[in-house]
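Q: Please give me a close look at a single part: the salt bridges. I am a first-year student, so keep it plain.

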Amino acid sequence: MDPLELIAQLRDAVNGLSLPSNITNDTVLTSLQLTTTCFSISIGEQRCQCEPPFSWPCEVCESIQACSDVSPVTCTCLNGFPPNQQFCGLDTINTICPVSTTSSITVSSTNLSTLPQPDVRSLSVIIDIEFDPLFNDVTNPVYVTFSDVVNTQAEIHIPELLSAEITNFSPGSTIGNFEITASTTIQDPDVEALLAAILNSLRNSFPVVFESPIALDFQPPVIFNGQTLVVTCGPPPENLEILPTSVEWRLDGVPIVEDEEHIISQDGRVATFTILNYFFTDNGFYECELLGLNFIFRQSSNGEFAFVETPIIQVRPLLMNTLCEVGQQVSLECSVQSPFQVEFPAFPVAGIGSTVQNQLPITDCSITELMVICQVSDFNEFSQTITVRLFTDVVFTCVDDPDFGNGFVNDTGRASCRGEDVGEMTAICRESGEWEDREDNCIHQRIAPLLLQSMFLTEMDLEEFLDTLSQTVLDLSMEVADSPNNIMAVVTILDNVGIFVTDFLIEISQESMEDILLTTGVLTIAEARPSWDILNARAVAEILGPRIVRPRNESISSLLLFSLESITSRLINATFSIETPLILLNKTTFIDSFNADFNSTVEIEILETNATTNLTVITFESMDNVLPARDENNSTNRTVNGRVVLLQSSAIVDNITFIFDIINDTLTTPQCVFWNFSLFEGLGGWDEEGCRLVGRENETVTCQCDHLTSFSVLMSPFAPRNRILDFITFIGVAISLASLVICLIIEAVIWKKVRRSTTSYLRHVSIVNIAVSLLIANIWFIIGSSISENEMRNPSACTAATFFIHFFYLALFFWMFASALLLFYRTVSVFEGGLSKTTMLIIGFCLGYGAPLVIAVITIAVTAPDNTYIQETVVCWLNWNQSRALLAFVIPALLIVFINFIILIVVIIKILQSRGMAHTAQQDDKYALLVIGRSLAALTPFFGITWSLGVGTLLNPRNLGIHIAFAFFNSLQGFFILVFGTLLDKKVRSEISLKSLTSGTRTTSGNSSSGWQFFRNLGKRGGNNVSSSDSGFGSSNQPQTVSESVPHNNSGLDSEAINT
């Protein structure tokens, strides 16, 4: 302990005693005073001094060399012990001490307690050698050398020096602590000169360190993300005899390695450290060392230096078009995040704050454009410009959009992002009066700087960067999952990391790999699937249209997998496992063969590698949300039905077996595949080359491949392709198309005959439109199938085909509904009055085509912007999994079937209750209504059964019986319309027979058979006989002449049958 400090403690202890105090029964201590203290200052050297107001008399001062505080009569300090250990006292002055000068001395009586106290400074210097406790031995060479230098230099540089004493040596390299005492106040410049002189002297024996009291210089003193920072070190004080030959920089005690982003330079006694792009990984405590011969000049930052978060300015509006009116005021708003504040420099009245508003006055319409700047207070380099364009006597095409305001055709509108996003939104004004082609480059403000920094990575900051990336993405998991732009930004970051570690051969630690897997896990959660659907659909659209230029042409989903493969290839060579909520990584080493079960979902077996092999296996639980299920043909409607597994090996593996647990056991037709990055011009897709299906057992699929990459299993979500289904579909569709064509031909032949009765006319109008709708729908169905099976997908053509299939299938049902409404109306109303034929035709066409058009347009308008109109794999039919667009067909169709059933029941009840119908209705109308009822009674349950089976294929896709039944009924719809809508009408058959016989007897004899004989026989067996006579067409086996073939009113067919 420092002797002076010990004396001070002793003095305090004495003064703190409570007196009087009993020492023994006979002794009482009434007072105690500290008068004299003695201590060693070096080997063989002691010092004694008196406590005020005590002193030694002059004779004592003469016998022992007094310190510099000698007075003419007394002294209070001796360089040694006083004779006879005499204590300091209060005796009056007996002797005048001799004076060594010729000057006369005036002796005055002075109160000794007012004598000035000595000034003491505790100092230290750093000797750059390893500390040894033996240095504190006064005989140690280090101690001796240090003591000599300190005493010598203290005598030179400290005025009125009383003493310079070595206190001790302590660790931290080796720190030499000493104390100087002077009778007068010690000045700081003297101390600085002393320390410099000590260091200059010590460097001849030891390497020494000078700690600069001045902090490093940072320019600019306030730094923002991505800016350039210059840190200056030195120069050392002029009295330090140092000429630096090199420089070292440290950040938080870690040496800084120069790279492309961190540049170190030195110019004589000054060094600079330049950070070209400053990021959060550069925050910390900075140290610089200028190195010379046995000398180090050390300078550090004043605490931790850190960047300031970049201000994000949002303005409303960003670009505005408005009609100019003098005196008009335009509302402007500008905001920034805390703790910054913004202002409009041109409008001080608006004030300063986190959000400021201002009214921009319009004073002159000859000015066509006004620009108003909003800037951050105290940081004017951050600003946003609001542009207001003024127009006169114009009409805007797009008006008062909340984001883009007004605009003309083909104008590009611009708007600031909302909330915590940064970037800009754009849109184009179209002739429709809407801002279309909306795009936004908005990403979250916490992700944007990470995206920027990923382009300037260094080995020094990689680990901290990845840790921050994972924490940020986990904190913003929902914001990332819900935004395709945020997902794209994070994938781009991972891709930049992959490029960096592979280009510069940087190893990825286990901790950093865990951060990468945690980040990737967020990208694969179920909530992110809609965003991935948008990104994947956008990638497909880019193949068919202009491509976005990227360093590589991968889709974002393919790019994610590629970046993970790149990063994994640089994983450190060790055995370990990492388990995150959605991803499992195992890295191991094996010899010859390998077999393991990963997370009980994938089993991998490798045979005979004949070498020590390092194997990395990454199992993704939900990568199916990311990678689209498109194969090398890009034409199958399949699903990723197993875990996606990424494998990398240090040796060549040409025989690997996978056993996948299937996710959905309702799917069939497994296909063993790997992700081929080169398919579809770099878009990527599943490819089965080099992989084969070994078998499926219970709920597992076994695959065997001859190479390594990323693998999985594709399976079909519908019934497998089956010869029976193909046969039924091909034959049924052919029959249906032929039947519809025959139906339309028959209607064309007899059209003039069916116009005599309004009800009959309207019935045939419905039948024709039902047949036309189904015929066109089937034609578009064939076109859509051709598009779906094409090797190169065309989403636009597929969307068009789906729209027309949807529209015309709905038209089929709505025309059936129109027929049912006609039957209902004619049954419950008076036939002689009511709606006219024209009115009912208008209603029929509005219902038959108008309602389907509205439903089809609304469906495509709602789902197409999200790319969920058609099925995921570009199969030309309404989407089910994402948007449930198929309900826009199923619900109206089955609802019409249900309503038609109700109408039929009501009509039957009405007929049974009103037997007088025949007396109130015309005969033709009565018959037409009976035919309508009979057709609806047959077609309604038929179509109801057909599309109920269609719903059944969705609910139970593995049931082959439902698929066969649906294919049968669906493919024969045209045939049923021909039979029940046309041929079962006896008047139609009669007219056909009549025309057939008339045409046939002109060229053939009476015993020639007619092609329509079957229909004539059907007429004879009709349920409603019109005559009891046995005579009629086909009633005689004898040949007939042409004249005999013309029926009369008394023939077997009555006039009703002939004239209708």
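A: Buried means under 20% relative accessible area, exposed over 50%, and partly exposed in between (1.4 Å probe, protein chains only). This model is predicted: local features need pLDDT (the predictor's confidence in each residue, 0 to 100) of at least 70, side-chain atom pairs 80 or more, while totals for chains, interfaces and linings use all residues. Residues are numbered from 1 along each chain as its sequence is written, and side-chain values use heavy atoms, without hydrogens or water.

The whole structure has 13 salt bridges (a Lys or Arg side-chain nitrogen within 4 Å of an Asp or Glu carboxyl oxygen).

Start with Asp 403. Its side chain meets that of Arg 418 at 2.4 Å, N to O. Both sit in loops between strands (E, DSSP runs of at least two residues, numbered from the N terminus). Arg 418 lies between E30 (412–416) and E31 (421–422). Asp 403 lies between E28 (398–401) and E29 (405–407). The two residues are 15 residues apart, so this pair links distant parts of the chain.

Asp 403 also forms a salt bridge with Arg 438, where the closest N and O atoms are 3.8 Å apart. Arg 438 is in strand E33 (residues 435–440), so this pair ties together parts 35 residues apart in sequence. Asp 403 is partly exposed at 22%. Arg 418 is partly exposed at 46%, and Arg 438 is partly exposed at 43%.

Now look at Arg 298 and Glu 289. Their closest N and O atoms are 2.7 Å apart. Arg 298 is buried at 16%, and Glu 289 is buried at 7%. Both belong to a salt-bridge network with Glu 211, Glu 248 and Arg 250.

How values were computed
Helix = DSSP H or I, 4+ residues; strand = E, 2+ residues; numbered from the N terminus.
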